[in-house]
Amino acid sequence: MKSPARILSALFVGATLLASPVAFASEDVDPALKAKLTEQLKAEGYELRKVQMEDGLIEAYAVKGNEKYELYFDKDLKPVKKGE
């Protein structure tokens, strides 16, 4: 017979694994908005790698030269913040 602590540990791990994708899931970005952002960043010399919604902002992963950037935009594609 398995100990109660072992059963509880297994239940906790299972619940955590099931909850994780929901907690970290990102919304898809509208394709038209993504295309517009791609053109906007291309004009600024960036190469767009990935776009997703995060905490109500559009999060773009891009490369410019040899540097990688995380760029954040509001829903009107106005820059909010920039990280490396």
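Tyr69 is buried, because its relative accessibility of 14% falls under the 20% limit. The structure is a predicted model. The protein has 2 helices and 4 strands, and from the N terminus its elements follow the order α-α-β-β-β-β. Tyr69 belongs to strand S3 and is linked there to Tyr46, in the loop between H2 and S1.

**Aromatic pair**

- The count of aromatic pairs comes to 1.
- Tyr46 and Tyr69 make up this pair, in an edge-to-face arrangement with 5.6 Å between the centres and 85° between the planes.
- The two residues are 23 apart, so the pair links distant parts of the chain, the loop between H2 and S1 on one side and strand S3 on the other.
- Tyr46 counts as buried, because its relative accessibility is 9% and the limit is 20%.

**Charges over rings**

- The ring of Tyr46 also has the charged end of Lys64 over it, 4.8 Å from the ring centre.
- Tyr72 has Lys81 over its face, at 4.7 Å from the centre of the ring.

**Strand pairing**

- Strands S2 (residues 57-64) and S3 (residues 67-73) run antiparallel and are joined by 7 bridges.
- Within this pairing, Lys68 in S3 stands opposite Val63.
- S3 also pairs with strand S4 (residues 79-83), again in the antiparallel sense, over 4 bridges.
- Glu70 has Gly83 in S4 as its bridge partner.
- In a regular strand, side chains alternate between the two faces of the sheet.

**Hairpins and turns**

- The hairpin of S2 and S3 has 2 residues between the strands, and Gly65 in the turn has a positive phi of about 65°.
- The hairpin of S3 and S4 has 5 residues between the strands.
- Leu77 lies in the loop between S3 and S4, and its phi is positive, near 65°, although the residue is not a glycine.
- Leu77 is buried, because its relative accessible area of 4% is under 20%.

**Other positive phi values**

- Most residues other than glycine have a negative phi.
- Asp55 is not a glycine, yet has a positive phi of about 55°.
- The place of Asp55 is the loop between strand S1 (47-54) and S2.
- Asp55 counts as exposed, because its relative accessibility of 77% is over 50%.
- Gly45, which follows H2, has a positive phi near 90°.

**Helix H2**

- Helix H2 (residues 31-43) has 13 residues and, at 1.5 Å a residue, should span 18 Å.
- The C-alpha atoms at the ends of H2 are 18 Å apart, which agrees with the expected span.
- In an α-helix there are 3.6 residues a turn, so residues three or four places apart point the same way.

**Whole chain**

- The protein has 84 residues, of which 21% count as buried.
- The exposed area of the protein is about 6600 Å², and carbon and sulfur atoms supply 57% of it.
- Of the contacts between residues at least 6 apart in sequence, 20% join residues at least 24 apart.

Methods. Residues are numbered from 1 along each chain as its sequence is written. This is a predicted model: local features need pLDDT of at least 70, side-chain atom pairs count only at pLDDT 80 or more; totals for chains, interfaces and linings use all residues. Side-chain values use heavy atoms; hydrogens and water are left out. Two strands pair if DSSP finds at least two bridges between them. The expected span of a helix is 1.5 Å times one less than its number of residues. Buried means under 20% relative accessible area, exposed over 50%, partly exposed in between (1.4 Å probe, protein chains only). Contact means heavy atoms within 4.5 Å. Accessible areas come from the Shrake-Rupley method with a 1.4 Å probe; for residues, only the protein chains shown count as cover. Rings of Phe, Tyr and Trp (its six-membered ring) pair if their centres lie within 6.5 Å; planes under 30 degrees apart count as stacked, over 60 as edge-to-face and the rest as tilted. A charge sits over a ring if NZ of Lys or CZ of Arg is within 6 Å of the ring centre and within 35 degrees of the ring normal.
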